[in-house]
Amino acid sequence: MDALEFLPPSAELFIKGNRAAHTMHVLPQSGMLEFVLEGVHWSVNPGEYLILPSGSLVSEVSFSAGFVGLVMSLPLSVSNRMTLRSNYGAIGHMSLMRHPVMSLTAEEVTSCRADLERIRQRATNASHLYYEQALLSQLSAHVLDLFDIHARKNMRKDLSERSASLIGRFIDMLFDGEYREYREVKHYASRLCVTPHHLADVCREVSGEAPLYWINRFTMQEIVCLLAEQRQTLTEIAESLNFSSLSHFTRYCQRHLGVPPSHLLPAKK
């Protein structure tokens, strides 16, 4: 199992970890974390919890001078095992991708801090005979606590089970990586046995965004992670994501990320 880490409050480490396929969890105790995501300014203060999915193109990250809190970097290989495969799990994930900061009650803050401290303690006890299983169990309990908090505050009672099921299956297809080969809405609609128009209507009702937004969002996050890892050339990344050519891949990045892929490669030291 890839190692999770608890990081010091460093903007450089935060951005590097997130782009290198790590989900970032932040629970401030004092001070503030600020960042920009998709052109929107966010701040994370005491009484709030940040879950930032891997590959998010964050910028302008800063921790205040008095920041004290817990910053957990969770590898994608681990966070994927924590994914809640249910209708609300999919809808909750969509919500957190657009609105990554949750407000907590004082009781929830205490519970989350205790969870994270237990995870940190487990992570350092590598001599445990069942280290991986024990750590994953602790992480799973915390993730379920977070979904419980989010669902209690955000679950829509007016959403039909049929619509929730449709979006759950759509997002599951993206989690399974179908966006690597298929980036047209008609493919997903056909697999779900609905029309593209119906899928678009339900997706906008549930998330406020069209299906293509989510297809591109998953694609962009993978691109950012692959570029950060530097294990493949640009041409190899383009081929792995079924782009017809490097120039097509470059145009896609320019359109959706605002810069060509070469601009997202980590700076050489």
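## Exercises around Thr 219 and beyond

Leaving aside neighbours within four places in sequence, Thr 219 touches Tyr 179, Arg 183 and Tyr 252. Keep in mind as you work that you're looking at a predicted model.

### Exercise 1: Placing Thr 219

Find the element that holds Thr 219, and decide whether Thr 219 is buried or exposed.

**Solution.**
- Step 1: Look along helix H9, and you'll come across Thr 219.
- Step 2: Check the accessibility. Buried means under 20% relative accessible area. Thr 219 has 0%, so it counts as buried.
- Step 3: Now jump along the chain to Gly 55. In sequence, Gly 55 and Thr 219 are 164 residues apart, yet their C-alpha atoms are 9.6 Å apart in space.
- Step 4: Go back to two of the contacts of Thr 219, Arg 183 and Tyr 252. Arg 183 lies over the face of Tyr 252, 5.8 Å from the ring centre.

### Exercise 2: One side of a helix

Work out which residues of H11 are buried and why they sit on the same side of H11.

**Solution.**
- Step 1: Check the helix itself. H11 covers residues 246-257, which makes twelve residues, and reaches 16 Å from its first C-alpha to its last, close to the 16 Å expected at 1.5 Å a residue.
- Step 2: Pick out the buried residues of H11: Phe 249, Tyr 252, Cys 253 and Leu 257.
- Step 3: Look around the axis. These residues cover an arc of only 95°, and that puts them on the same side of H11. Here's the general rule to remember: an α-helix has 3.6 residues a turn, so residues three or four places apart point the same way.
- Step 4: See what they pack against. The buried residues of H11 meet helix H9 (211-229) and helix H10 (234-240).
- Step 5: Look just past the end of H11, where Gly 258 has a positive phi of about 85°.

### Exercise 3: A second helix to check

Compare the span of H6 with the value expected at 1.5 Å a residue, then list its buried residues.

**Solution.**
- Step 1: H6 runs over residues 161-175, so it has 15 residues and should span 21 Å; its end C-alpha atoms are 21 Å apart, which agrees.
- Step 2: The buried residues of H6 are Ser 163, Ala 164, Leu 166, Ile 167, Gly 168, Phe 170, Ile 171, Met 173 and Leu 174.
- Step 3: After H6 comes Gly 177, with a positive phi near 90°.

### Exercise 4: Putting a sheet in order

Give the order of the five strands in the open sheet, and say which strands stand at the edges.

**Solution.**
- Step 1: Start with S7 (residues 68-75), where six of the eight residues are buried.
- Step 2: Find what pairs with S7. Strand S1 (residues 5-6) is joined to S7 by two bridges and runs antiparallel to it; here Glu 5 has Ser 73 as its bridge partner. Strand S2 (residues 22-30) is joined to S7 by eight bridges, again antiparallel, and Pro 28 is partnered with Gly 69.
- Step 3: Carry on from S2. Three bridges link S2 to strand S5 (residues 48-52), in antiparallel fashion, with Met 24 opposite Leu 52.
- Step 4: Put it together: the order is S1-S7-S2-S5-S8, with antiparallel pairing. S1 and S8 (101-103) are at the edges with a single partner strand each, so one side of each has no neighbour in the sheet.

### Exercise 5: Rings that meet

How many aromatic pairs does the whole structure hold, and how is the pair of Phe 14 and Phe 63 arranged?

**Solution.**
- Step 1: A search of the whole structure turns up eight aromatic pairs.
- Step 2: Take Phe 14 and Phe 63. Their ring centres are 6.1 Å apart and their planes are at 75°, making the pair edge-to-face.
- Step 3: Locate the two partners. Phe 14 is in helix H1 (residues 11-19) and Phe 63 is in strand S6 (residues 58-63), so the pair ties together parts 49 residues apart in sequence.
- Step 4: Both Phe 14 and Phe 63 are buried, and ring pairs link them with Phe 67 into a cluster.

### Exercise 6: Positive phi in loops

Where is Glu 38 found, and where is Asn 242?

**Solution.**
- Step 1: The general rule first: most residues other than glycine have a negative phi.
- Step 2: Glu 38 has a positive phi near 55°. Glu 38 is in the loop between strand S3 (33-37) and strand S4 (40-44), and is partly exposed at 47%.
- Step 3: Asn 242 has a positive phi too, near 65°. Asn 242 is in the loop between H10 and H11, partly exposed at 44%.

Notes:
Residues are numbered from 1 along each chain as its sequence is written. This is a predicted model: local features need pLDDT of at least 70, side-chain atom pairs count only at pLDDT 80 or more; totals for chains, interfaces and linings use all residues. Side-chain values use heavy atoms; hydrogens and water are left out. Rings of Phe, Tyr and Trp (its six-membered ring) pair if their centres lie within 6.5 Å; planes under 30 degrees apart count as stacked, over 60 as edge-to-face and the rest as tilted. Helices (H or I, at least four residues) and strands (E, at least two) are DSSP runs, numbered from the N terminus. Buried means under 20% relative accessible area, exposed over 50%, partly exposed in between (1.4 Å probe, protein chains only). A charge sits over a ring if NZ of Lys or CZ of Arg is within 6 Å of the ring centre and within 35 degrees of the ring normal. The expected span of a helix is 1.5 Å times one less than its number of residues. The arc is that of the directions from the helix axis to the C-beta atoms. Contact means heavy atoms within 4.5 Å. Two strands pair if DSSP finds at least two bridges between them.
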